[in-house]
Amino acid sequence: ALLLLPLSLIRDYSIFAFTSTLGVIAVLGGIITTLAYGVLVDPGGGLSVAIDAVETLPLWPSSVADAFGGSFGTLCYLFAI
């Protein structure tokens with residue numbers, strides 16, 4: 001509460017533009033790093049091997065129980081947001 005009171009008194013939030021830019025750059029860096037790791041390290045062999053690995057994955061789960069059990073944590077997290 002002590003932190004929110006001074007923030008609620010700020011009339012112009014443009015002073016946070018630089019911090020917001022750094023945050024966006026950090027998130028984009030994380031996405032690029034994750035994609036590069038997924039393509040180059042996890043299956044290895046580059047983009048063509050990664051695409052082949054994704055193409056062999058099943059499109060639909062084998063049962064509803066498998067689909068729900070595999071996504072239960074994600075559903076709880078998204079519901080909490």
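**Exercise 1.** In this predicted model, decide whether Ile15 counts as buried or exposed, and state where the residue is found.

*Solution.* Begin with the cut-off, under which a residue is exposed when its relative accessible area is over 50%. Ile15 has a relative accessibility of 59%, and therefore counts as exposed. Next, place the residue along the chain: Ile15 lies in the loop between helix H1 (4–8) and helix H2 (17–40). Finally, look at the side chains with which Ile15 is grouped, since Ile15 belongs to a nonpolar patch on the surface that also includes Leu3, Leu4, Leu7, Tyr13 and Phe16. Together, the residues of this patch have about 640 Å² of accessible area.

**Exercise 2.** Classify Ile25 by its relative accessible area, do likewise for Ala26, and state how far the C-alpha atom of each is from that of a residue 25 places away in sequence.

*Solution.* First, locate the two residues: Ile25 is in helix H2, and Ala26 is placed in helix H2. Second, apply the cut-off of over 50% for an exposed residue. With a relative accessible area of 53%, Ile25 is exposed, and Ala26, at 52% relative accessibility, counts as exposed. Third, turn to the separations: the C-alpha atoms of Ile25 and Ala50 are 26 Å apart, while those of Ala26 and Ala1 are separated by 28 Å.

**Exercise 3.** Describe the fold of the protein by its helices and strands, and explain why it is more spread out than a compact globule.

*Solution.* Count the elements to begin with: the protein has four helices and zero strands, which read along the sequence as the pattern α-α-α-α. For its 81 residues the globule rule gives 12 Å, whereas the radius of gyration is 21 Å, well over that value, so the protein is more spread out than a compact globule. The box filled by the C-alpha atoms, taken along the principal axes, is roughly 55 × 35 × 15 Å. As for the surface, 4% of the 81 residues count as buried, and the accessible surface comes to about 7,200 Å², with 75% of it belonging to carbon and sulfur atoms.

**Exercise 4.** State how the end-to-end reach of helix H4 stands against its expected span, and find where H4 bends.

*Solution.* Helix H4 covers residues 64–80, which makes 17 residues. From its first C-alpha to its last, H4 reaches 23 Å, close to the 24 Å expected at 1.5 Å a residue. The direction of the axis is then examined along the helix, and H4 is found to bend by about 50° at Phe72.

Notes: Residues are numbered from 1 along each chain as its sequence is written. This is a predicted model: local features need pLDDT of at least 70, side-chain atom pairs count only at pLDDT 80 or more; totals for chains, interfaces and linings use all residues. Side-chain values use heavy atoms; hydrogens and water are left out. Patches are made of residues with over 30% relative accessible area and no salt bridge: like charges are joined within 9 Å, nonpolar side chains (Val, Leu, Ile, Met, Phe, Trp, Tyr) within 5 Å. Accessible areas come from the Shrake-Rupley method with a 1.4 Å probe; for residues, only the protein chains shown count as cover. A salt bridge is a side-chain nitrogen of Lys or Arg within 4 Å of a carboxyl oxygen of Asp or Glu. Buried means under 20% relative accessible area, exposed over 50%, partly exposed in between (1.4 Å probe, protein chains only). The radius of gyration is taken over C-alpha atoms; the globule rule is 2.2 Å times the number of residues to the power 0.38. The expected span of a helix is 1.5 Å times one less than its number of residues. The bend at a residue is the angle between axes fitted to the seven residues ending there and the seven starting there.
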